[in-house]
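Thank you all for coming, and please open the structure on your own screens so that we can go through it together. I will go slowly, since some of you have not seen it before.

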Amino acid sequence: MPADPIKRGAFITVEGGDGAGKTTLARALAACLVDAGHQVRLTFEPGGTELGNHLRSLVLNPDLDLSDWEETWLFLAARASHVSKVIRPALQDGEIVISDRYADSTLAYQGFGRGLDLDRLRRVNDEATQGLMPDLTLLLDVPAKVGLQRTRARTSSRDRIGDAALAFHEQVNAGFRELANLSAGRVIVIDAARDATLVRAAALKTLREWLDRQLGDSPGVAEPGSADQ
Ligand code: Z5A
């Protein structure tokens with residue numbers, strides 16, 4: 001089990017650039033875990049609480065002019081609320097929390113993308129999360145161009161960050177890969193340029209192996225759709 005003494009569940013994050021398939025995968029993983037009998041809390045950033053949802057609409061509003069640090073504080077305020085009101089209580093109840101984005105997104109987007117100081121970002125992230133880091137992070141790696149094509153095929157609505165230049169998204173993706181190298185024990189990189197079924201299968205395999213190691217004789221992870229068979 002994780003070392004944090006007040007924590008009994010497991011904390012898993014799904015990270016990656018725009019259109020990497022995080023939401024699709026997070027939902028599929030949650031469904032497989034629920035089918036296997038786990039208590040699962042599926043959540044996301046920015047959002048997951050009333051304050052977080054308000055801050056999400058502010059920080060993604062393309063008509064709002066924000067400095068890079070103003071943008072960062074909004075993400076951090078949303079995270080502080082998310083950790084204290086959703087993630088920690090769920091972990092204390094023994095649930096498996098799956099968050100679609102978390103602290104690594106701030107390092108990748110505001111650090112590698114915007115160019116803000118990484119050490120300072122780590123410190124403020126640490127304050128916002130009260131030191132709570134994921135036990136496992138699945139990093140969906142997809143070329144920025146492919147990810148942006150996916151999201152732009154889905155919607156034409158604009159957002160402050162998704163609309164940034166391709167070069168920005170490439171820096172973000174390179175940042176995520178560097179973070180994975182720095183935290184190789186926690187972050188597992190999954191090739192997400194493949195068909196969604198293959199991405200899900202690779203992620204499920206990783207998750208099963210990880211749960212076997214962490215949770216011993218817990219129910220594990222069901223095959224997709226096995227509850228219906
Ligand atoms: N942000 C930040 O800067 N700092 C922070 O600290 C945090 C966030 C926490 C959140 O916006 C923005 O905030 C985000 C980072 C920034 N901005 N950007 N860019 P969001 O939550 O609205 O956006 P997102 O997190 O990038 O989600 P997304 O655009 O919805 O992408 P996704 O969740 O990775 O993908 P998806 O919704 O699962 O799939 C996108 C489409 O592709 C959809 O039509 C799927 O059916 C399709 N899809 C999924 N997988 C595949 C595969 N494998 N092949 C083909 N098509 C696929």
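I will talk about the ligand, then the aromatic rings, then one helix, and finally two residues on the outside. Please keep in mind throughout that what you are looking at is a predicted model.

Let me begin with the ligand. There are 30 residues around the ligand, and the closest of them are Asp18, Lys22, Thr24, Arg101 and Thr106. If you zoom in on the threonines, you will find that Thr24 has a polar side-chain atom 2.5 Å from an oxygen atom of the ligand, while for Thr106 the distance between a side-chain N or O atom and a ligand oxygen is 2.6 Å. Thr23 belongs in this description too, with a polar side-chain atom 2.7 Å from an oxygen atom of the ligand. As for how much of the ligand is covered, on its own the ligand has 1100 Å² of accessible area, and the protein covers 83% of that.

Now to the aromatic rings. How many aromatic pairs does the structure hold? There are four, and I would like to show you two of them. In the pair formed by Tyr109 and Phe168, the ring centres are 6.1 Å apart and the planes stand at 50° to each other, which makes the pair tilted. Along the chain these two residues are 59 residues apart, with Tyr109 in helix α4, residues 103-113, and Phe168 in helix α7, so the pair links distant parts of the chain. Tyr109 counts as buried because its relative accessibility is 7%, under the 20% limit, and Phe168, at 9%, is buried by that criterion as well.

Tyr109 also pairs with Phe176, again at 6.1 Å from centre to centre, but here the planes are at 80° and the pair is edge-to-face. This second pair likewise joins helix α4 to helix α7, across 67 residues of chain, and both Tyr109 and Phe176 are buried. Taken together, Tyr109, Phe168 and Phe176 are linked by ring pairs into a cluster.

Rings also appear in another kind of arrangement, in which an arginine lies over the face of the ring. Arg120 is placed in this way over Trp69, at 4.1 Å from the ring centre, and Arg79 over Tyr102, at 5.6 Å from the ring centre.

Let us turn to helix α2, which runs over residues 50-59 and in which Gly52, Leu55 and Val59 are buried. Why do these three lie on the same side of α2? The reason is that they cover an arc of only 65° around the axis. In general, an α-helix has 3.6 residues a turn, so residues three or four places apart point the same way. On the face of α2 that is turned away from the buried side, you will see the exposed residues Glu50 and His54.

I will finish with two exposed residues. Arg154 lies in helix α6 and is exposed because its relative accessible area is 67%, over the 50% limit. Its C-alpha atom is 9.6 Å from that of Gly19, although 135 residues separate Arg154 and Gly19 along the chain. Ala165 sits in the loop between α6 and α7, and with a relative accessible area of 51% Ala165 is exposed. Between the C-alpha atoms of Ala165 and Leu211, which are 46 residues apart along the chain, the separation is 38 Å.

How values were computed. Residues numbered from 1 in each chain as written. Predicted model: local features only at pLDDT ≥ 70, side-chain atom pairs only at ≥ 80, totals over all residues. Heavy atoms only, no water. Helix = DSSP H or I, 4+ residues; strand = E, 2+ residues; numbered from the N terminus. Buried < 20%, exposed > 50% of the residue type's maximum accessible area, 1.4 Å probe, protein only. Phe/Tyr/Trp six-rings, centres within 6.5 Å; stacked < 30°, edge-to-face > 60°. Lys NZ or Arg CZ within 6 Å of the ring centre and 35° of its normal. Near = heavy atom within 4 Å. Polar contact = N/O pair within 3.5 Å; in protein donor to acceptor, adjacent residues only side chain to side chain. Areas by Shrake-Rupley, 256 points an atom, 1.4 Å probe, with all protein chains shown as cover. Arc of directions from axis to C-beta.
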